[in-house]
Amino acid sequence: MDISNLIKRTDYEWEIPLHGKMRVPAIIYADEALIQEMDAKVFEQAVNVACLPGIVKAAYTMPDAHWGYGFPIGGVAAFDADEGGVVSAGGVGFDISCGVRTLHTGLTLNDIERVKTPLADRLYQHIPAGVGSTGRLHLKPNEINKMLIGGAKWAVEEGHGWQEDLERIEENGCMAGARPEAVSDKARKRQQDEMGTLGSGNHYLEVQHVAEVFDQVIADCFGIRQGDIVISIHCGSRGLGHQIGTEFLKEMVTTAPQYGIQLPDRELACTPINSTTGQRYLGAMRAAINCALANRQILTHLTRQIFSHILPEARLTLLYDVSHNTCKVEQHPINGDKRNLYVHRKGATRAFGPGHMDIPAAFRNAGQPVLIGGSMGTGSYILAGSESNEKLAFCSACHGAGRAMSRHAATKRWRGREIVDQLASRGIIIRSPSMRGVAEEAPEAYKDVRAVVDAAEYAGLANKVARLAPLVCIKG
C-alpha cells in the first residue's frame with residue numbers, strides 16, 4: 001500500500017481522508033511496515049466500505065488486514081438503522097462466526113512431552129478435519145432447527161459439554177434472534193453431517209504451551225501461568241454459513257437498486273437493515289452463529305473424551321470463546337449519546353474493555369479475553385480488551401496474523417511434506433489429511449503475528465497477556 005495516500009495520526013493510526021463518495025473517513029491501525037506490506041486492495045476496499053449508507057464514525061481496518069470479499073479481512077464498520085444503515089453479507093464473510101475457543105488443561109509441558117505423539121495421533125483420528133469432512137452426528141430436520149436456535153446451549157443439553165462452559169462463551173453460547181426459517185434447505189443439508197468438524201483452510205485444533213506472560217495481573221485473572229498447557233480450537237459454521245453468505249450476497253446484489261443503493265463494488269452487496277431481506281439475513285446469520293458455537297462445543301466434548309483416555313488427570317475447562325465474523329447490535333457512544341449500532345466485524349474480534357457488562361463476571365475487571373490465532377509455526381496470543389478501545393474501533397481488535405500471500409502463491413512456493421518435516425524438527429507435530437492444505441498454511445505465508453499483536457497493543461485496541469507456542473496441530 002502506498003503510504004503517501006494516508007494521513008499519519010500516530011505511529012499506529014493512519015487516516016484515509018474523505019474523498020469521492022466516502023461518507024466517513026477510513027482508519028487503519030498498524031505501524032508503517034505493516035501498512036506497506038498490505039495489498040493496495042485493502043486501501044480500495046476500506047474506501048468502498050466508507051461509502052455505504054448509514055455508516056457511523058469511520059470504516060476501520062485492523063493490523064492483520066488483507067484483501068477479502070467486499071470488506072477487507074480485518075474490517076470493522078458500524079451502521080445505524082435509524083439513519084438508513086445497511087447490513088452487508090460481505091461485511092460478515094462466508095464463514096459466519098468463525099472463531100477461537102481456548103481451554104485450560106491443568107497440565108504442564110512435562111506432562112505433554114511424554115505422550116505428545118500418541119496424543120497427536122488420537123486427536124487426528126477422532127477430530128474430523130479437511131474439505132467436506134463429516135462427523136459422527138447426523139442431525140434430522142427438527143434437530144437442525146433446535147441447534148440453529150440453541151447454539152452451544154443446545155449442544156450442552158444434548159450431552160456435548162458442561163453447563164459451566166456457557167458462562168465463558170460470547171452470548172452465553174446462544175445468539176438471540178436466530179430465524180431457522182430463513183436458512184435454506186440447501187444450507188441445512190450441507191450441515192446435517194458436519195457438526196463437530198474442523199473443516200479446512202486455516203482451521204485447526206492446537207495443543208499449545210504458555211511460552212511467555214506479558215501482564216501477570218490479567219494472566220492471573222484469566223487463570224494463565226507460564227508453562228501451562230492450553231488447547232485452542234479455530235473453526236466456524238462450516239457449509240451452512242458459507243451457503244447463507246452465498247445466497248444472501250446474490251439476493252442483496254439483486255435488491256440493492258430498489259432501495260436506491262449504488263454499490264461501489266458488487267462484492268459489497270448490502271440491503272437496508274430494516275428491509276425484509278435485511279431482517280431475513282440477520283435471522284439466518286444469527287442461526288449460523290449458533291451453528292458455529294454448537295460446532296466448537298461439540299469439538300470441545302470430543303477433545304475432552306480423547307484427553308480422558310491419554311491424560312486422565314487433565315480437566316479441560318473453558319477460558320473463553322470469541323467469534324470474528326459477525327454482525328451484532330451493540331450500544332456505542334456517538335457524539336455523547338449511546339446508540340444501537342449494527343457492528344460488522346469481518347476478520348476482527350470483539351474486545352470489550354474492563355467493566356463491560358457483557359464480559360463474564362470473572363473477567364470484568366481485566367477486560368474481555370481476545371484470542372489471536374497465529375500460524376502453526378509461530379504461535380498464538382491471548383490479549384484483553386482495553387479501556388481505550390471504545391473510542392477507537394467500536395471495541396474491536398485483530399483476529400490473527402493475517403495472510404501475507406495467497407494460498408495459490410503458497411502452494412507454488414512450498415510443499416506440505418517439507419513444512420511438516422521442518423516443524424517436526426522444531427518439536428511441532430502436524431497432522432492433516434491434506435499436504436496441499438499444509439502448504440497453503442505455511443507459517444511464512446502469514447504476516448509476523450508478533451508485529452500484528454504489538455501494533456494492536458500500541459494502538460490501544462487490546463493489551464497483550466500471553467504468547468502460546470504450538471506443540472501439536474490438527475490442521476484442516
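Here are three short exercises on this predicted model, each with a worked solution.

Residues are numbered from 1 along each chain as its sequence is written. Local features need pLDDT of at least 70, side-chain atom pairs count only at pLDDT 80 or more, totals for chains, interfaces and linings use all residues, and side-chain values use heavy atoms, with hydrogens and water left out.

**Exercise 1: the sheet**

Work out the strand order of the open sheet of 7 strands, and find its edge strands.

Solution, step by step:
- Get the elements straight: helices (H or I, at least four residues) and strands (E, at least two) are DSSP runs, numbered from the N terminus. Two strands pair if DSSP finds at least two bridges between them.
- Walk across the sheet and you read 1-2-3-4-5-13-12, with mixed pairing.
- Strand 1 (7-10) and strand 12 (325-334) are the edges, as each pairs on one side only.
- On average, neighbouring strands are turned by 25 degrees against each other, direction ignored.
- For a close look at one pair, take strand 3 (residues 26-28) and strand 4 (residues 59-66): they run parallel over 3 bridges, and Ala26 sits opposite Ala59 in strand 4.

**Exercise 2: two helices**

Describe how helix 5 (residues 141-157) and helix 9 cross, and what sort of residues meet there.

Solution, step by step:
- Axes are lines fitted to C-alpha atoms, for helices over the stretch in contact, and angles run from 0 to 180 degrees between N-to-C directions.
- The two axes come within 7 Å and cross at roughly 20 degrees.
- Helix 5 and helix 9 are therefore roughly parallel (angles under 35 degrees).
- Now list contacts (heavy atoms within 4.5 Å): helix 5 brings residues including Met147, Gly150 and Trp154, while helix 9 brings Ala287, Asn290 and Leu293, among them.
- Sorting the contact residues gives 12 nonpolar (Ala, Val, Leu, Ile, Met, Phe, Trp, Tyr, Cys and Pro), 4 polar (the others, Gly among them) and no charged (Asp, Glu, Lys and Arg).

**Exercise 3: two odd phi values**

Compare the surroundings of Asn172 and Phe394: buried, partly exposed or exposed?

Solution, step by step:
- Most residues other than glycine have a negative phi.
- Asn172 has a positive phi of about 55 degrees, and Phe394 also has a positive phi of about 55 degrees.
- Asn172 lies in the loop between helix 5 and helix 6 (185-191); Phe394 lies in the loop between helix 10 (389-393) and strand 17 (396-398).
- With a relative accessible area of 46%, Asn172 is partly exposed, whereas Phe394, at 2%, is buried. Buried means under 20%, exposed over 50%, partly exposed in between (1.4 Å probe, protein chains only).

Methods
Parallel < 35°, antiparallel > 145°, perpendicular 65-115°, else oblique.
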